[in-house]
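Me: I've just opened this one and I'm new to it. Can you walk me through it with a few questions?

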Amino acid sequence: MDWNEDGLKDLLVGESNGHVSYFQNVGSVGNPVLHYVGLLQVNGVTLYVGSYSQPFVNDWNEDGRKDLIVGAVDGRAWLYINEGTNANPVFMTTSYIMLATGAQLDVGERSGAIVVDLDGDGVKDVVSGEINGKIKFFKNNGTNANPRLAAGIFLMTGTMQAATPGTSRLDVVRWDNNLTYDLVVGSYDCRLRLFKQAATNLPTPTITLTLTSSYIIPVSGGTISYTIALNNPNTSAVQFDLWTDMQLPHDIFSPPMIQRTNLQLAPSGNASRNLNINVPGSWEMGAYYYYGYVGNLSTFQLYNSSNFYFVKYPIGDGVWVSEWSYDGWTEEPAMETLAPLPQAVGLAAAPNPFNPTTIISYDLPEAGSVYLSIFNTSGQKVAELVNGYRTTGNHQVTWEARSVPSGVYFVELRHGSQRSTCKIILTK
């Protein structure tokens, strides 16, 4: 994107702190050299959208000047109309992309809106990723100069919603050089996914992975048992490929663990197989996600997928305490065990009241993005303690409040679509 109209491609970068940085290309077409210019401004103040800004440049109002659309943690598409020139963009006011109903475009959390004529009808639409990894399409039923966006619908791939494991970020390409746009989508799992516009025969075969053993593996290692079940809902036979892989701790993916091609299922047929995964003691501790897929490997087409997770924790390795007597009573020894994984989001702080340090505990029934912040009674954020991916389980974080005055504060936990708060009191 040529931000200053000098014939060289520059770079706008969104930041987790809600700003947008501008890097100017001071090199050449064949040898780009990026120079950091600064943060974009709105009416003389640094542009700020809360957190997780995602910029996209487009002439939204069709006046011949490039405008700026910024996705944000609040799920909206923030709109900045250029009141300067293409060579020197100037933004004076903040607004939002609106739907035809008058409501603001909102995908929930972590929007990443782009503008493109995705359905090929000659008018620009809006497509956006979101925190759960899904992709929403807002069709324009108006014109380019006067968009009238319909309510968002999730894009589909076969019988599934097009999605990544979390916080989808996308761009449009003509991957196979035809007249339709395809989507390249990034995600928290460090992989890029390609969603191509293509004819799909529905329904397609489905796969279901079911864990049949305990999901907890001790430090010394063990075995995970599971079942792969396949189903053909068609009234004719289907041919497909099957493969599996595993997401290791720290978001690294294994190579394919199972790969079978040219499988067939009879009309309305089913098949299943019981399998094991050997988990040696040398594997690192943490959460493992095992995925199964059915599709067409030669064309990289995915029909359906399923997954389960297991954890490798220090459980079952506790040492039995020898029996001991006290005044003639004999106590039964107890074995050290790990607390069960939480079934619901939990939030608590102790000590409370406190001075000046408290430990905030939170429980996550599912892995995902977590935001843990402290607000004062005026609604101002005074601290951000957690901002990123966290695994299933119990977590703790310490807040040292030496720099803020005594009073009432609120801890806010956001995890997916869930929000929890608790009141804490600082006494100095």
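Me: Which residue in E24 is the bridge partner of Ser 225?

Reply: Keep in mind that this is a predicted model. Ser 225 sits in strand E21, which covers residues 221-231. Look across to E24 and the bridge partner you'll find there is Asn 276.

Me: How many bridges join strand E21 to E24?

Reply: The pair Ser 225 and Asn 276 belongs to this link. The two strands run antiparallel, and the number of bridges joining them is 11.

Me: What is the order of the open sheet of three strands?

Reply: The edge strands are E19 (206-211) and E24 (270-280), each pairing on one side only. The twist from one strand to the next averages 25 degrees. With antiparallel pairing, the order reads E19-E21-E24.

Me: OK, zooming out: how many strands are there in the protein chain?

Reply: Don't go hunting for helices, as the chain has zero of them. Its C-alpha atoms fill a box of roughly 90 × 75 × 45 Å along the principal axes. The strand count in that chain is 35.

Me: What share of the residues is buried?

Reply: Here, buried means under 20% relative accessible area. The protein chain has 428 residues, and the accessible surface comes to about 21700 Å². Carbon and sulfur atoms account for 52% of that surface. The buried share of the residues is 44%.

Me: How far apart do the centres of the positive and negative side chains lie?

Reply: The chain carries 25 positive side chains and 37 negative ones. Take the centre of each set, and the two lie apart by 3 Å.

Conventions. Residues are numbered from 1 along each chain as its sequence is written. This is a predicted model: local features need pLDDT of at least 70, side-chain atom pairs count only at pLDDT 80 or more; totals for chains, interfaces and linings use all residues. Side-chain values use heavy atoms; hydrogens and water are left out. Helices (H or I, at least four residues) and strands (E, at least two) are DSSP runs, numbered from the N terminus. Buried means under 20% relative accessible area, exposed over 50%, partly exposed in between (1.4 Å probe, protein chains only). Accessible areas come from the Shrake-Rupley method with a 1.4 Å probe; for residues, only the protein chains shown count as cover. Lys and Arg count as positive and Asp and Glu as negative; His and the chain ends are not counted. The place of a charge is taken as NZ of Lys, CZ of Arg, CG of Asp or CD of Glu. Two strands pair if DSSP finds at least two bridges between them. Axes are lines fitted to C-alpha atoms, for helices over the stretch in contact, and angles run from 0 to 180 degrees between N-to-C directions.
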